Amino acid sequence: MHIVAILALDDVSAFDLAIPCQVFALARKPDGTPAYEVRVCAERTVTATAGEQSPFRISAPYGLAGVRDADTVIVPGVDPHRPPSPRSVRLLRDAAAAGVRVASICTGAFVLAAAGLLDGHRATTHWMFAEHLAKSFPEVEVDPSVLFVDNGHVLTSAGVAAGLDLCLHMVRRDHGAAAAAHTARMTVMAPQRAGGQAQFIEYRDPAGDCADLGPTLQWMQDNLDRPLTVADVAARAAMSPRSLSRHFRAQTGTTVLRWLLHRRLQRARELLETTDLPVERISRAAGFGSIEALRHHFARHVGTTPKAYRATFRAEPGS
């Protein structure tokens, strides 16, 4: 079974620590069995924090040695002004050198950077600490605008809820869109946001703002098979295209067309995993219109072909 080791360092963020514990513990394979073994590893009893208030002590069931045979190591957020212990840095370097997937949530990126794992790579962290990360580690290309960055074996996420997006992204990478969607439902979370989505998103009160796009987003989701344009969506929202674009980015952190593309890829993935529909029909049902368009976007955003994706993630009959 895939082992996920969560490295709890002193002053660990309680919320960041809980996110991977919950997500990976809830993830299931197509036959319903757990997809991961989850370990919380700490050098000793450590202090956990909730912001700057209410610190408390936690005792992890695994020592740092529990990281050594892990398949994925996740570093939750910590105090970005406090250097990590030399032992934890060595463990991360050794894990990365052995091909282990390493990820951080929020200011956990400072620990990966201290280990040299982000040198020469694009990375992100909570927007409040992005400048500090860039100044402290000039070899790192810090992008403060995105939710998470996937460099293959090294991944980083922005703050707080962006850790959920990152963990669901890893579940999707490992077990497919259907498993990620099931895990999202179990955590009572909306469909996963794309990594390139902006950190800055306005959340509006639907009852008090006529520009709320909730009903329009649902209509778009229900009509993914149609060749929707920005003008079509603007008409549905009773706005001009320019006004729609402004409100759409403010409320979703992305553009209309990128939102549609992400949802269409999600729909295609789920249909490839859960149905026997021909790829041509799936391309139409997901709104791509043709096999060629579906193949193009799969190659660019998923890194494989629709048929290869189906062969990888499709559940065996009777499972």
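**Close-up 1. β1 and its neighbour β6 in the predicted model.** Here β1 and β6 run parallel, joined by three bridges. This is a predicted model, so keep that in mind for every view that follows. Look for A5 in β1: opposite this residue, in β6, stands V73. On the β3 side, β1 again has a parallel partner, and six bridges join the two strands. A5 turns up here too, with R39 as its bridge partner in β3. As for burial, β1 is largely enclosed by the rest of the structure, because five of its six residues are buried.

**Close-up 2. The six-stranded sheet.** Step back a little and the strands line up as β3-β1-β6-β7-β11-β10, an open sheet with mixed pairing. The edges belong to β3 (36-41) and β10 (148-150); each has a single partner strand, so one side of each is left without a neighbour in the sheet. Going from one strand to the next, the twist averages 15°.

**Close-up 3. The β10 edge.** Zoom in on β10 and you'll find it paired with β11 (residues 154-157) in the antiparallel sense, over three bridges. A handy landmark is F148, which stands opposite S157 in β11.

**Close-up 4. Helices on the sheet.** Two helices are worth following here. The first to look at is α1, which packs on the sheet and touches β1, β3 and β6 (72-75). The direction of α1 makes about 160° with that of β3. Then there's α5, also packed on the sheet, with β1, β3, β6, β7 (101-104), β10 and β11 as the strands it touches. Set against the direction of β11, that of α5 makes an angle of about 150°.

**Close-up 5. Where α1 meets α5.** Helix α1 covers residues 14-26 and helix α5 covers residues 162-175; their axes come within 10 Å and cross at roughly 30°. With angles under 35 degrees counted as roughly parallel, that makes α1 roughly parallel to α5. The crossing of the pair is right-handed. On the α1 side, the contact is made by I19, P20, V23 and F24. Facing them from α5 are G163, L164, C167, L168, M170 and V171. Sort the residues of this contact by type and you get nine nonpolar, one polar and no charged.

**Close-up 6. The β2 and β4 pair.** This view shows β2 and β4, which pair in the parallel sense over two bridges. Find S13 and you'll see T49 of β4 opposite. Strand β4 (residues 46-50) is mostly covered, with four of its five residues buried.

**Close-up 7. Two residues with positive phi.** Neither residue in this view is a glycine, yet D11 has a positive phi of about 65° and A238 has one near 60°. D11 sits in the loop that links β1 (2-7) to β2 (12-13). A238 is in a loop as well, the one between α8 (230-237) and α9 (241-252). Is A238 buried or exposed? Its relative accessibility is 70%, so A238 counts as exposed, the cut-off for that being over 50%.

Terms used
Residues numbered from 1 in each chain as written. Predicted model: local features only at pLDDT ≥ 70, side-chain atom pairs only at ≥ 80, totals over all residues. Heavy atoms only, no water. Buried < 20%, exposed > 50% of the residue type's maximum accessible area, 1.4 Å probe, protein only. Axes fitted to C-alpha atoms, helices over the stretch in contact; angles between N-to-C directions. Parallel < 35°, antiparallel > 145°, perpendicular 65-115°, else oblique. Left-handed = near helix turned anticlockwise from the far one by under 90°. Contact = heavy atoms within 4.5 Å. Nonpolar A, V, L, I, M, F, W, Y, C, P; charged D, E, K, R; others polar. Pairing = 2+ DSSP bridges.
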